[in-house]
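User: I would like to go through this model and ask what stands behind each label. Could you set the values against the definitions as we go?

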Amino acid sequence: MSARNLRLQRTGVIVGAVSALLLVLTPSAFADWTWTSYISSWTDGDTSHRWDDEAYNEISWEGCYAQYGTTQQTVVKRRIDVSLASDVTVDTFTFSNCFNGSGYYSTDTQTGLDSASYYFEADKVAQGGSCCLLFADWVGVDTTQAD
């Protein structure tokens, strides 16, 4: 084997190893997002669109801001859309890390969920009480636990 071919082979091995390492270190970047969007001018009670799901879902926001807020956080409810009855809150969580700016994510994952139509709702934007407007540069919902 020539020296040139040996260098090309070594370069290929190194590139492959670096690529594999990046996949391991950044799983969220390669998640199988069911849908992505953004949030603009939400206040308490605003909701996402619905998605059908079973067993698992992950909700993630990036680059958040609460206009007029004295606190930079939002309480979020994961809910089930129930036809002809009151919707059911599955869990409640607080997103705050995404308020550190672009490139910062807040994520909540839930497993063991019933098969249903889900959505999330802003419960308390900043200090709550419909005072504030919520913005997020990116929002994602992932329903595939395998990634």
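User: What makes Cys64 and Cys98 count as buried or exposed?

Analyst: Both Cys64 and Cys98 are buried. The term means under 20% relative accessible area; exposed means over 50%, and partly exposed is in between, with a 1.4 Å probe and protein chains only. Before we go on: this is a predicted model, where local features need pLDDT of at least 70, side-chain atom pairs count only at pLDDT 80 or more, and totals for chains, interfaces and linings use all residues. Residues are numbered from 1 along each chain as its sequence is written, and side-chain values use heavy atoms, with hydrogens and water left out.

User: How do you know that Cys64 and Cys98 form a disulfide?

Analyst: Their sulfur atoms are 2.1 Å apart, and a disulfide is a pair of cysteine sulfur atoms within 2.5 Å, so the pair qualifies. The torsion of -100° about the S-S bond goes with a left-handed link between Cys64 and Cys98. Cys64 sits in strand β2, while Cys98 is in the loop between β4 and β5 (105–125), so the bond ties together parts that are 34 residues apart in sequence. Strands here are DSSP runs of E with at least two residues, numbered from the N terminus, and helices are runs of H or I with at least four.

User: And what does the other pair, Cys131 and Cys132, look like?

Analyst: A disulfide joins Cys131 to Cys132 as well, S to S 2.2 Å. The torsion about its S-S bond is about -70°, so this disulfide of Cys131 and Cys132 is left-handed. With bonded cysteines counted along the chain, the pattern is 1-2, 3-4.

User: Why is Cys131 called partly exposed, and what is Cys132 called?

Analyst: Cys131 has 33% relative accessibility, so its value falls in the middle class and it counts as partly exposed. Cys132, at 1%, counts as buried.

User: What makes β2 largely enclosed by the rest of the structure?

Analyst: Twelve of the 17 residues of β2 are buried, so the strand as a whole is largely enclosed.

User: How do you know that β2 and β6 pair?

Analyst: Two strands pair if DSSP finds at least two bridges between them. Strand β2 (residues 51–67) and strand β6 (residues 133–142) have nine bridges, so they pass, and the sense is antiparallel. Among the β2 residues with partners in β6, Gln67 has Leu133, Cys64 has Ala136 and Trp61 has Val139. β2 also pairs with β5 in the antiparallel sense, over eleven bridges; one of these partnerships sets Asn57 against Gln110.

User: Why are β1 and β4 said to stand at the edges?

Analyst: The six strands form an open antiparallel sheet in the order β1-β6-β2-β5-β3-β4. β1 (33–42) and β4 (88–95) each have a single partner strand, so one side of each is left without a neighbour in the sheet. From one strand to the next the twist averages 20°, with axes fitted to C-alpha atoms (for helices over the stretch in contact) and angles from 0 to 180 degrees between N-to-C directions. For β1, the link to β6 consists of six bridges, and Thr36 stands opposite Gly140 there.

User: Why is the ring pair of Trp42 and Phe120 called tilted?

Analyst: Rings of Phe, Tyr and Trp (its six-membered ring) pair if their centres lie within 6.5 Å; planes under 30 degrees apart count as stacked, over 60 as edge-to-face and the rest as tilted. Trp42 and Phe120 have centres 5.9 Å apart and planes at 45°, so the pair is tilted. Trp42 belongs to β1 and Phe120 to β5, 78 residues apart. Trp42 is buried at 13% relative accessible area, and Phe120 is buried at 1%.

User: What about Trp51 and Phe120?

Analyst: Their centres are 6.3 Å apart and their planes are at 55°, so this pair is tilted too. The pair ties strand β2, home of Trp51, to strand β5. In total the structure holds nine aromatic pairs, and ring pairs link Trp35, Trp42, Trp51, Trp61, Phe93, Phe95 and Phe120 into a cluster.
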